[in-house]
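Q: Please take one part of this model and walk me through it slowly. I am new to structures, so please explain each term as you go.

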Amino acid sequence: MSLLTSFRSSSDEGAVAVRSFSGGSGTNDEFRLVKWHFLAHSNTAPVGGKHPRVILITSANEGEGKSYVSHHLAANFALDPNVQLTLVDADFDNPALGSSSWMGGSSSGPGLLDYLEDHTTDHSRILMSTGLPNVKVILSGSRRDNAPELLASGRVEHLMSALAANENAFVIIDAGPVLSGGAAVLARSAGQIGFVLAANRTRRSDINQSLATLDRIAGPIDENSVGLIFN
Ligand SMILES: Nc1ncnc2c1ncn2[C@@H]1O[C@H](COP(=O)(O)OP(=O)(O)OP(=O)(O)O)[C@@H](O)[C@H]1O
Ligand SMILES: [Mg+2]
């Protein structure tokens, strides 16, 4: 029985983890295992607009570790010099990338929402360099009330296909929560989903509701497309 199936049918928390980060000593080793999980499922052709090298990180609610996981996972992908990685901030309510160490602590500028709204903008305008030669980032962009509608546009799929076109190119999207953000609609463009569970905090009912929402809006989801990350 798969991890996802076993989670859905059991109440045993221990059965849900791809890897538990808590209590471990070697963060790099722990994130390497998570990276390998995604790499193992990245060699298939895109299906229905979902690119297998586009990895969406989300969770049920706010503050469960989505940005922590996204940024550490990105750093682990970057250890491989052959990988070209784009880290995308798609959490418009709580953007984390502009103030992160990836951007030297403070940065602003055009980002994802600006690109989605202005059809004349080329994606090269929103790609920003980092201190690492193989990592680029895309900020969330100027806040807009119609962010969920923009995320639902076919332009997202177009952007993700372009970013993941090369066989060594991966995209990690730090998305908002499923239950109160646009993550589910964004998942339509992601071949893989890392669903973060906050240890001893995320309620099982919220997890079930999130997985059902992902299934309904971006599904069908299964153990090949969703990895549960126990944070
Ligand atoms: N495994 C961890 N070890 C240490 N600190 C962590 C860990 N996971 C998360 N944190 C810390 O907990 C806080 C919340 O995590 P984070 O910002 O990643 O959550 P989030 O799901 O992205 O939140 P939001 O929904 O607000 O975007 C941050 O200060 C983060 O550094
Ligand atoms: Mg966040």
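**The largest pocket and its surroundings**

A: Let's start with open space: the largest pocket holds about 360 Å³. The model is a predicted one, so local features need pLDDT of at least 70 and side-chain atom pairs count only at pLDDT 80 or more, while totals for chains, interfaces and linings use all residues. Residues are numbered from 1 along each chain as its sequence is written, chains are lettered from A and ligands numbered from 1 in the order in which they are written, and side-chain values use heavy atoms, with hydrogens and water left out.

How is such a space found? Rolling a probe the size of a water molecule over the atoms shows where empty space is left. On a 1 Å grid over the protein atoms alone, a pocket is an open set of points with protein on both sides within 12 Å along at least five of seven lines, whereas a cavity is a set where a 1.4 Å probe fits but cannot get out; lining residues have an atom within 4 Å of a point. Points are joined across faces, edges and corners, and the volume is the space filled by probe spheres set on them.

Which residues lie nearest the centre of the largest pocket? They are V47, K50, G191, N224 and S225, out of 20 that line the pocket. The lining is made up of nine nonpolar, nine polar and two charged residues. Here Ala, Val, Leu, Ile, Met, Phe, Trp, Tyr, Cys and Pro count as nonpolar, Asp, Glu, Lys and Arg as charged, and the others, Gly among them, as polar.

Strand 6 gives the largest share of this lining, four residues, and strand 1 and strand 6 each supply at least two. Strands (E, at least two residues) and helices (H or I, at least four) are DSSP runs, numbered from the N terminus.

Now follow those strands into the sheet. Strand 1 and strand 6 run parallel and are paired over six bridges; two strands pair if DSSP finds at least two bridges between them. L56 stands opposite I193 in strand 6. Strand 1 also joins strand 5 in the parallel sense, through four bridges, and there V54 faces V171. Strand 1 is largely enclosed by the rest of the structure, because nine of its nine residues are buried. Buried means under 20% relative accessible area, exposed over 50% and partly exposed in between (1.4 Å probe, protein chains only).

Step back once more: these strands belong to an open sheet of seven, in the order 3-4-2-5-1-6-7, with mixed pairing. The edge strands, strand 3 (128-129) and strand 7 (226-230), each pair on one side only. Helix 2 (residues 27-40) packs on the sheet, touching strand 1 (51-59), strand 5 (169-175), strand 6 (190-197) and strand 7, with its direction at about 150° to that of strand 6. Touching here means contact, with heavy atoms within 4.5 Å; axes are lines fitted to C-alpha atoms, for helices over the stretch in contact, and angles run from 0 to 180 degrees between N-to-C directions.

Finally, look at the loop between strand 6 and helix 8, where N200 sits. N200 has a positive phi of about 60° although it is not a glycine. At 84% relative accessibility, N200 counts as exposed.
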